[in-house]
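Here is a friendly walk through the structure shown below. Keep the sequence and the 3D view open side by side as you read.

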Amino acid sequence: MADTPINLSRYRKAKVRAERKRQADANAVSHGRTRAEKARDAAESEKITRLLDHARRDDPTDA
């Protein structure tokens, strides 16, 4: 047998943590992009939208 006693609560918590980490890693691989990549793409899209809106010419017939 082991020389030192094993804390079962600590063992269970470590096991749950490892399982959650494994699941998170699998989700990251399957869903692909990081939060930073999504934020960068959103900022780029917003910049393009702003640029096009500022370059828009008003149609005199809409008045």
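## Arg 33 and its partners

Arg 33 is partly exposed, because its relative accessible area is 44%, between the cut-offs of 20% for buried and 50% for exposed. Do keep in mind that this is a predicted model. Arg 33 pairs with Asp 41 in a salt bridge, and their closest N and O atoms are 2.4 Å apart. Asp 41 has a relative accessibility of 29%, so Asp 41 counts as partly exposed too.

## Salt bridges within the helices

How many salt bridges does a search of the whole structure find? The search turns up six. Let us look at two that sit inside helices.

In helix 1, Arg 22 and Glu 19 bring their side chains together in a salt bridge, with 2.6 Å from N to O. Why is this pair separated by about one helical turn? Arg 22 and Glu 19 are three residues apart in helix 1, which means about one turn of the helix lies between them. Arg 22 is partly exposed because its relative accessibility is 45%. Glu 19 falls into the partly exposed class as well, with a relative accessible area of 40%.

Helix 2 covers residues 35-55 and holds the pair Arg 50 and Glu 46. The closest N and O atoms of this salt bridge are 3.9 Å apart, which still satisfies the cut-off of 4 Å. Arg 50 and Glu 46 are four residues apart, so about one helical turn separates them. At 42% relative accessibility, Arg 50 is partly exposed, and Glu 46, at 43%, is partly exposed too. Elsewhere, Arg 33, Arg 40 and Asp 41 are joined into one network by salt bridges that share partners.

## A nonpolar patch

Charged pairs are one part of the picture; here is a nonpolar part. Ile 6, Leu 8 and Tyr 11 make a nonpolar patch of about 360 Å² on the surface. Of these, Leu 8 belongs to helix 1, which covers residues 8-31.

## The overall shape

Now step back to the whole chain. Its secondary structure consists of two helices and zero strands. Along the principal axes, the C-alpha atoms fill a box of roughly 90 × 20 × 15 Å. The radius of gyration of the chain is 26 Å, whereas a compact globule of 63 residues would have one near 11 Å.

For a sense of distance, take Ile 48 in helix 2 and Lys 15. These two residues are 33 residues apart along the chain, and their C-alpha atoms are separated by 47 Å. Ile 48 has a nonpolar side chain, and at 45% relative accessibility Ile 48 counts as partly exposed.

## Surface and charge

What share of the 63 residues counts as buried? The answer is 0%, with buried meaning under 20% relative accessible area. The accessible surface of the chain adds up to about 6,700 Å², and carbon and sulfur atoms account for 55% of that area.

As for charge, the chain carries 16 positive and 11 negative side chains. The centres of these two sets lie 14 Å apart.

How values were computed
Residues numbered from 1 in each chain as written. Predicted model: local features only at pLDDT ≥ 70, side-chain atom pairs only at ≥ 80, totals over all residues. Heavy atoms only, no water. Patch = residues over 30% accessible without salt bridge, like charges linked within 9 Å, V, L, I, M, F, W, Y side chains within 5 Å. Areas by Shrake-Rupley, 256 points an atom, 1.4 Å probe, with all protein chains shown as cover. Buried < 20%, exposed > 50% of the residue type's maximum accessible area, 1.4 Å probe, protein only. Rg over C-alpha atoms; globule rule 2.2 N^0.38 Å. Lys, Arg positive; Asp, Glu negative; His and termini not counted. Charge placed at Lys NZ, Arg CZ, Asp CG, Glu CD.
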